[in-house]
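Reader: I should like to understand how the terms in a structural description are justified. Please take me through some examples.

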Amino acid sequence: MGVGGIDQTAAMKKAITEIAQLTDAPLAIDTSDPEALEAGLRAYPGRALINSVSAEKERLEKFLPLAKKYGAAILCLPLTDGGLPKSVEERLGHVHTIIERAKAAGLREGDFLVDALVMTLSADEKAAKSVFETLRQVTAEGLPTTMGLSNISFGLPNRPLINATFFAMCLAAGLTAPIMNPYDEKMQEALSAAAALLGKDPCGLKYSQNEANLAVPKAAAAMKTTDLPVLEALKQTVISGEKDEVVPLIDKALAEGHDPNTITEKALTAAMTDIGEDFGAGRMFLPQVLLSAETMREAFNHLQAAAPETETVKKGTVVLATVKGDVHDLGKNIVGALLKNSGFELIDLGRDVDSEEIVKAALEKQADIVGLCALMTTTMVQIDKVIADLREAGSKAKVMVGGACLTQDYADSAGADAYAKDGVAAVKLAEKLIEK
């Protein structure tokens, strides 16, 4: 409201009153005029953020009492009457001064947001490094941080690239509340990728959904399934990975008279079929597949507990192993999780497993399928050996193989019954092998 020639106080009051009726997002009141600030705080029906309180004498004396009076939080800006800080230590010193004075005025922990103060890289070669170090130290003290990002790139070419890269590095250093343009595609991409890398988006689920344009709000998904027949609703719930919703739907399906075999075939297996198609077409990615698999396991377990007389959760027995000499097991573990969650009994022998141990397990457990994994070209020959040993020992198990170095041609030459290029394909192939 700082446009010249207007009554800032009246404008602030009107703006706050109008905007507060349109959004429940907290407002940051940005003004250097104490009267305009108080008018806004008095009119605001929520807890505002004052932008900003520096270590300048006038700001401390006039803004802190208003923050206390109206219960506002403050953005701590590390500036003094002497101007810009020359070092990270000075920045932190100014922040501590503001917080100490604020606490003396009656503010408490949780009332502070620290601005890391971004300068221009083209004028100061240490501008970015100073921000990173400030963020790390302030974060270590347990304080949330904010800052405007784009000032870093002023005067440089291709500013969007600098801004997005700087943004990702700041997030890694502890930035919690960036001031950014939400319509900037590069910034949104950096935010999404950084959230996955920093563990704020477990397994990159939201990142995958965004990339596949499949992000559906939870409320919208719930509304979508409410009006569907129960089996279709159950299927959609598994596809969307709504673990909390799947058990009540299983109970509802049973209460409506659907038997466990019908529930398994029409809802759970049908969901896995659709997931496989979406995964193969690039419309769904591994984190979503694993979440759907977890949801399916929840459904199978509950179905078994609710109807223990049935055999619905036992599709067949699979012995799974990474062959001798190969210590890689990530792909095998994914295949194992998907098979188990899809209703197969799984015997996972682990990695670097000798052929004799695989054959012994296949015979003792009367395996329907033996799954063999090899990632390295040097261990591929073990696939041939295990298959030959299985046949010589009289095992009737179907053999399914997979791994980064394997191909359909190699699987055929080794005498395998199926080649799975990924975990979802492995489940579909296992079901077909069981039918045979």
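Author: The questions below concern salt bridges, burial and a helix crossing.

The model is predicted, so that local features need pLDDT of at least 70 and side-chain atom pairs pLDDT 80 or more, while totals for chains, interfaces and linings use all residues. Residues are numbered from 1 along each chain as its sequence is written, and side-chain values use heavy atoms, leaving out hydrogens and water.

Reader: What makes Asp111 and Arg47 a salt bridge?

Author: A salt bridge requires a side-chain nitrogen of Lys or Arg within 4 Å of a carboxyl oxygen of Asp or Glu. For Asp111 and Arg47 the N to O distance is 2.8 Å, and the two residues lie 64 residues apart in the chain.

Reader: Why is Asp111 called buried?

Author: Buried means under 20% relative accessible area, exposed over 50%, and partly exposed in between (1.4 Å probe, protein chains only). Asp111 has 10% relative accessibility and therefore counts as buried. Arg47, at 40%, counts as partly exposed.

Reader: How do you know that Asp274 and Lys235 form a salt bridge?

Author: Their closest N and O atoms are 2.9 Å apart. Lys235 is buried because its relative accessible area is 13%, whereas Asp274, with 23%, is partly exposed.

Reader: Why are α15 and α16 called oblique to each other?

Author: Angles under 35 degrees count as roughly parallel, over 145 as roughly antiparallel, 65 to 115 as roughly perpendicular, and the rest as oblique. The axes of α15 (residues 355-364) and α16 (residues 381-392) cross at roughly 40°, and the two helices are therefore oblique.

Technical notes:
Axes fitted to C-alpha atoms, helices over the stretch in contact; angles between N-to-C directions. Helix = DSSP H or I, 4+ residues; strand = E, 2+ residues; numbered from the N terminus.
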